[in-house]
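Trainee: Got a minute to go through this one with me? I'd like to start with the charged side chains.
Mentor: Sure, pull it up and ask away.

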Amino acid sequence: MAEIHKVSVEKTLNKIRGDDAKQSKEAAFNAKIDVLDEEIGRMRAQRQRLERHQGKHHQGRQATPTHPQRHTFGKWVSRLFWFLRS
């Protein structure tokens, strides 16, 4: 005959509750992830709006004329050394 192992009710309930606790932790973690995903989406949309606004803002301005870049002392020295090596 087959032996029947009896398990106490307390152990069975603890095992069931433990599984439920794991599921509730996972559910809470997934809820936090969902909230963060929504926040990321909101921030991306805000950044895109700001970038579009900045693009329109800067297009209206006229660029200020820039002066040609002057040669610095270091550039002159490097050109002199290049000339002397040649």
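Trainee: Which residue does R47 form a salt bridge with?
Mentor: That's E51, and the closest N and O atoms are 3.5 Å apart. Keep in mind that this is a predicted model.

Trainee: And where do R47 and E51 sit relative to each other in the helix?
Mentor: They're four residues apart in helix α1, so about one helical turn separates R47 and E51.

Trainee: Is R47 buried, exposed or partly exposed?
Mentor: Partly exposed, with a relative accessible area of 45%. E51 counts as partly exposed too, at 45% relative accessibility. Both values fall between the 20% and 50% cut-offs, which is why neither gets called buried or exposed.

Trainee: How many salt bridges are there by this rule?
Mentor: Two. In the other pair, R42 forms a salt bridge with E39, and the closest N and O atoms there are 2.6 Å apart.

Trainee: What's the spacing between R42 and E39 along the helix?
Mentor: R42 and E39 are three residues apart in helix α1, which covers residues 9–60, so they're separated by about one helical turn. As for exposure, R42 comes out partly exposed at 44% relative accessibility, and E39 is partly exposed at 34%.

Trainee: Switching topic: which residues make the nonpolar surface patch?
Mentor: L80, F81, W82, F83 and L84 make it, and the patch is about 640 Å².

Trainee: Where's the place of L84?
Mentor: In helix α2, residues 73–85. L84 has a relative accessible area of 57%, so it counts as exposed.

Trainee: Zooming out, how many helices and strands does the protein have?
Mentor: Two helices and zero strands.

Trainee: What percentage of the residues count as buried?
Mentor: 0% of the 86 residues. Buried here means under 20% relative accessible area.

Trainee: And how much area does the protein expose?
Mentor: About 9300 Å², with carbon and sulfur atoms supplying 59% of that.

How values were computed: Residues numbered from 1 in each chain as written. Predicted model: local features only at pLDDT ≥ 70, side-chain atom pairs only at ≥ 80, totals over all residues. Heavy atoms only, no water. Buried < 20%, exposed > 50% of the residue type's maximum accessible area, 1.4 Å probe, protein only. Areas by Shrake-Rupley, 256 points an atom, 1.4 Å probe, with all protein chains shown as cover. Salt bridge = Lys/Arg side-chain N within 4 Å of Asp/Glu carboxyl O. Patch = residues over 30% accessible without salt bridge, like charges linked within 9 Å, V, L, I, M, F, W, Y side chains within 5 Å.
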